[in-house]
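The following paragraphs lead through the structure from its strands and helices to its core and its ligand sites. The reader is invited to keep the sequence and the coordinates at hand.

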Amino acid sequence: MGVMKIRTFKEPPGARAGGGTYRPGELKGIVQINPKHCVGCDTCRRLCSAGAIEGEFGVTHRINLDKCIICGQCLVNCPFGAIEQMSFVDEVMQKLKDKDTLVVAIIAPAVRVAIAEEFGKPPGTLTVGRLYRALNKAGFVIYENNYAADQTIMEEATELLGKIAYWILGLKKLEVEIWGNRKLKLDNLERFKDEPLPQFTSCCPAWVRYAELYYPAVLPHISSCDSPMQMAGPTAKTYGALKVWKHDPRKVYTVGIMPCTAKIFEASRPEFCHAWKWLREHGYIPEDTPKFPDIDAVLTTRDLAELFRRLGINLMEFEESEKPKDFEWYSGGGTIFGTSGGVMEAAMRFVYHVLSGQDPSACSPKWNFKQVRGYTHPVVKATVPIPLRPEFRKLVGSDVFELKVCVVNGIGTDGSHIKPIIEDVVAGRSEFHFIEVMTCPGGCLDGGGQPVNPMGTSWIDPVLPLPLNIPP
Ligand code: SF4
Ligand code: SF4
Ligand code: SF4
């Protein structure tokens with residue numbers, strides 16, 4: 001059975017005007033129910049993490065955009081294909097035709113295990129080398145989002161370490177030797193005095209919007225790190241443009257290729273213009289250069305398949321394995337960002353190493369922390385004993401630090417998975433040091449921008465109720 005074709009629409013006039021829960025610039029109405037096709041089966045309302053869908057069984061439903069966190073789970077689970085997505089395929093195709101513009105594809109980890117479904121292959125077919133070469137044929141250069149995910153994890157795990165050093169070890173600064181005789185040096189740990197543990201992950205924009213709308217008290221706990229896509233955009237427009245591609249940064253057009261509808265929203269957030277700021281401050285572009293975003297457009301996995309089809313490119317005709325080029329290198333830690341527990345596991349590897357002075361393989365074979373994996377559990381909790389370096393032992397009065405972590409595997413219907421976790425944090429009774437939240441069940445693999453199998457994915461997952469009601 002092939003994948004379901006999802007209808008799309010272009011950005012309508014006024015979509016960035018702001019209003020309600022949207023700031024000027026932020027795209028509104030990325031996911032919409034088409035009343036002509038909705039039969040009122042109620043599936044979407046019973047799955048929505050944010051209580052944003054209105055309508056009774058048998059009646060046309062609608063999305064309350066002010067409540068919506070743009071995860072797209074309603075879209076991928078609507079059995080009648082009645083939910084549509086704003087798409088930028090036309091705009092990207094125009095840019096690809098413009099010879100002055102360097103178009104950069106920033107490819108998220110979950111895209112490569114899903115896009116082959118759009119070309120008739122079984123779910124999970126790995127598509128990396130052939131995806132790069134198909135993108136090259138379409139006119140893109142590549143910036144691996146996994147490479148950016150590696151950067152994110154170094155930043156996010158370092159931030160977590162700083163908070164552990166400040167809040168648990170009672171240090172004002174931290175200096176330790178890490179791999180390859182390098183030094184990790186963190187001065188001024190007192191900057192974390194208003195950012196208590198536990199630390200939440202920040203890479204899922206639907207989760208960030210959920211916290212902003214429903215639990216602003218938890219915001220000081222969310223990591224200050226930008227998501228991998230929002231780290232890739234500025235790096236591509238600065239280091240990539242100036243040092244690697246030697247192209248005018250103003251003519252670099254970055255396209256996030258994402259499994260996610262919320263990433264379309266994230267790219268439109270007005271604070272994400274770091275490249276524009278840095279390039280002006282350092283004299284690479286004139287002071288009066290109009291503001292430009294770090295990410296110019298986002299294509300979902302489905303959108304990219306549509307772009308390939310329009311260009312007559314069959315992804316599956318390319319060779320799978322080829323030697324990686326610039327920005328095509330990355331680690332396994334970046335790759336596992338695409339699944340629930342992946343960000344947590346990647347961060348734990350670094351935290352373990354710094355606190356113990358050992359590789360995690362000393363206690364956990366092949367750097368795997370299997371305790372935090374669990375696609376079928378709504379919330380995974382784990383305690384990881386970390387043998388401490390001698391200099392840290394006397395600070396905590398123990399040879400071992402027990403790192404307590406939690407993975408929220410999908411926010412859950414109307415926040416059912418996340419609410420008890422957040423309420424404990426806000427009340428100051430949480431036992432955790434680090435909490436990963438992915439809005440979509442299973443993580444980005446099951447994101448709202450992925451190919452839609454008519455048999456669904458999320459709604460047959462045992463973590464969720466079976467909500468399908470077919471009207472008589
Ligand atoms: S899931 Fe059912 S109620 Fe929701 S949009 Fe689709 S047809 Fe309408
Ligand atoms: S499921 Fe997600 S995208 Fe759909 S209405 Fe709810 S919050 Fe919005
Ligand atoms: S879990 Fe991944 S796909 Fe789903 S909303 Fe978050 S970032 Fe997007």
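A residue counts as buried here if 20 or more other C-beta atoms lie within 10 Å of its own, and as exposed if 12 or fewer do. The model under discussion is a predicted one. By the criterion of burial, seven of the 10 residues in strand β14 (residues 400-409) are buried, and the strand is therefore largely enclosed by the rest of the structure.

Strand β14 has pairing relations with β13 and β15. With β13, β14 runs antiparallel, and nine bridges join the two strands; within this pairing, alanine 382 has valine 405 of β14 as its bridge partner. With strand β15 (residues 434-438), β14 pairs in the parallel sense over five bridges. Here cysteine 406 finds its bridge partner in isoleucine 435 of β15.

A contrasting case is strand β9 (residues 182-186). How many of its five residues are buried? The count is zero, and β9 is thus described as hardly covered. Its partner is strand β8 (residues 174-178), which runs antiparallel to β9 and is joined to it by five bridges. Valine 176 stands opposite leucine 184 in β9. The two strands form a hairpin with three residues between them, and glycine 180 in the turn has a positive phi of about 60°.

A further set of strands forms an open sheet of three, in the order β1-β5-β2, with mixed pairing. Strands β1 (8-9) and β2 (31-33) stand at the edges and have a single partner strand each, so one side of each is left without a neighbour in the sheet. Between β1 and strand β5 (residues 83-86) the direction is parallel, with two bridges. Phenylalanine 9 has methionine 86 in β5 as its bridge partner.

Taken over the whole protein chain, the secondary structure comes to 14 helices and 15 strands. Of the 472 residues in the chain, buried residues make up 48%. Among contacts with a separation of 6 or more, 75% are accounted for by residues 24 or more positions apart.

Helix α10 (residues 301-311) shows how a helix is placed among its neighbours. Its buried residues are Thr301, Arg302, Asp303, Leu304, Ala305, Leu307 and Phe308. These buried residues pack against two helices, α3 (89-97) and α4 (129-138), and against two strands, β11 (252-258) and β12 (297-300). Just after α10 comes glycine 312, with a positive phi of about 70°.

The discussion now turns to the nonpolar interior. In soluble globular proteins, nonpolar side chains tend to be buried together. In this model the largest nonpolar core has 128 residues, and Val104, Ala347 and Val351 are those with the most contacts inside it. Both domain 1 (89-146 + 228-317) and domain 2 (148-225 + 332-445) give residues to this core, so it lies between them. Leaving aside residues up to four places away in sequence, alanine 347 touches Ile153, Glu156, Ala157, Leu160 and Phe434.

Threonine 376 offers a view of a loop, the one between α12 (342-356) and β13 (379-387). Is threonine 376 buried or exposed? It has 12 other C-beta atoms within 10 Å and is therefore exposed. Threonine 376 and glycine 442 lie 66 residues apart in sequence, yet the distance between their C-alpha atoms is 7.6 Å.

The ligand sites complete the description. Around ligand 1 there are 13 residues, of which Cys38, Cys41, Thr43, Cys44 and Cys78 come nearest. By class, the shell of ligand 1 divides into nine nonpolar, three polar and one charged residues. Ligand 2 has 14 residues around it, with Cys48, Ala52, Cys68, Cys71 and Cys74 nearest. The shell around ligand 2 comprises 11 nonpolar and three polar residues, and no charged ones.

Which residues are closest to ligand 3? They are Cys204, Cys260, Cys440, Cys444 and Gly447, out of 13 residues that surround this ligand. The shell of ligand 3 has nine nonpolar, three polar and one charged residues. Domain 1 (89-146 + 228-317) and domain 2 (148-225 + 332-445) each supply at least three residues to the shell around ligand 3. The two domains that contribute to this shell are also those that both give residues to the largest nonpolar core.

Definitions and conventions
Residues are numbered from 1 along each chain as its sequence is written. Chains are lettered from A and ligands numbered from 1 in the order in which they are written. This is a predicted model: local features need pLDDT of at least 70, side-chain atom pairs count only at pLDDT 80 or more; totals for chains, interfaces and linings use all residues. A residue is near a molecule or strand if its C-beta atom, placed from the backbone, lies within 6 Å of it. Ala, Val, Leu, Ile, Met, Phe, Trp, Tyr, Cys and Pro count as nonpolar, Asp, Glu, Lys and Arg as charged, and the others, Gly among them, as polar. Domain bounds come from an automatic or database domain assignment. A nonpolar core is a set of buried Ala, Val, Leu, Ile, Met, Phe, Trp, Tyr and Cys residues joined through C-beta atoms within 7 Å. Two residues are in contact if their C-beta atoms, placed from the backbone, lie within 7 Å. Helices (H or I, at least four residues) and strands (E, at least two) are DSSP runs, numbered from the N terminus. Two strands pair if DSSP finds at least two bridges between them.
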